[in-house]
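Biologist: I am new to this structure and would like to go through it step by step. Could you show it to me before we begin?

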Amino acid sequence: QVQLVESGGGSVQAGGSLSLSCVASRVASGFAYSFDCWAWFRQTPGKEREGVAAIDSRDLITTSTDSVKGRFTISRDNRKNSMFLQIHSLKPDDTGIYYCAARRERTTSRCADLGAADYGYWGQGTQVTVSS
């Protein structure tokens, strides 16, 4: 059973940076090559889970929301079954629980256009808190 494990969340002041990681555990090395899409979602109280960045099997990187363009950088290392999210110039609005998600089924859509329901594998989430 594939398990996604996030790490790297924390509390920072506005303008700071964080590096989030997601590792697919309990699988053989290179299993992540089978993921057609990896993505980061975030959720804040009272709101639906929002996709913030996604990367497909060809390493085509897309962001899902304009508010993170230029500040969030997603990357993946399939050999290490890992995905990363570099976050710079953090804002209080970036506060939330950040979830790693993965999908194995091939899609002709942009990974960033897929919703939470389209991803079959999820991590437990890591909290990011940005103070002003």
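Biologist: Which residues do ring pairs link into a cluster?

Modeller: This is a predicted model, in which local features need pLDDT of at least 70 and side-chain atom pairs count only at pLDDT 80 or more, while totals for chains, interfaces and linings use all residues. Residues are numbered from 1 along each chain as its sequence is written, and side-chain values use heavy atoms, with hydrogens and water left out. Rings of Phe, Tyr and Trp (its six-membered ring) pair if their centres lie within 6.5 Å, and planes under 30 degrees apart count as stacked, over 60 as edge-to-face and the rest as tilted. The cluster linked by such ring pairs consists of Phe31, Phe35, Trp38 and Tyr121.

Biologist: How many aromatic pairs does this rule give, and how far apart in sequence are the parts that the pair of Phe72 and Tyr98 ties together?

Modeller: The count by this rule comes to 8 aromatic pairs. Phe72 and Tyr98 form a tilted one, with 6.5 Å from centre to centre and 45° between the planes. Because Phe72 lies in strand E7 and Tyr98 in strand E9, where strands are DSSP runs (E, at least two residues) numbered from the N terminus, the pair ties together parts whose separation in sequence is 26 residues.

Biologist: Is Tyr98 buried or exposed?

Modeller: Buried means under 20% relative accessible area, exposed over 50%, and partly exposed in between, using a 1.4 Å probe and protein chains only. Its ring partner Phe72 has 5% relative accessibility and counts as buried. Tyr98 has 0% relative accessibility, so this residue counts as buried.

Biologist: Tyr119 and Trp122 also form an aromatic pair; is Trp122 buried or partly exposed?

Modeller: The pair of Tyr119 and Trp122 is edge-to-face, at 6.4 Å centre to centre and with 70° between the planes. Tyr119 is buried, with a relative accessible area of 5%. Trp122 has 26% relative accessibility, so Trp122 counts as partly exposed.

Biologist: Which residue has its charged end over the ring of Trp122?

Modeller: A charge sits over a ring if NZ of Lys or CZ of Arg is within 6 Å of the ring centre and within 35 degrees of the ring normal. The residue in question also lies over the face of Tyr99, at 3.7 Å from the ring centre. Over the ring of Trp122, at 4.8 Å from its centre, sits the charged end of Arg49.

Biologist: Which element gives the most residues to the largest nonpolar core?

Modeller: A nonpolar core is a set of buried Ala, Val, Leu, Ile, Met, Phe, Trp, Tyr and Cys residues joined through side-chain atoms within 4.5 Å. The largest has 26 residues, and those with the most contacts inside it include Leu4, Trp40, Met83 and Tyr98. Among the elements that give two or more residues to this core are strand E5 (50-56) and strand E11 (126-131), but the most, 4 residues, come from E3.

Biologist: Which strands stand at the edges of the open sheet?

Modeller: Two strands pair if DSSP finds at least two bridges between them. The open sheet has 4 strands in the order E1-E3-E8-E7, with antiparallel pairing. Strand E1 (residues 3-7) pairs with E3 over 5 bridges, and 6 bridges join E3 to strand E8 (residues 82-87). Since each has a single partner strand, which leaves one side without a neighbour in the sheet, the edge strands are E1 and E7.

Biologist: Which residues make up the covered face of strand E3?

Modeller: Strand E3 covers residues 18-25, and its uncovered face holds Ser19, Ser21, Val23 and Ser25. On that uncovered face, Ser19 stands opposite Gln86 in E8, and Val23 has Ser82 as its bridge partner there. The covered face is made up of Leu18, Leu20, Cys22 and Ala24.
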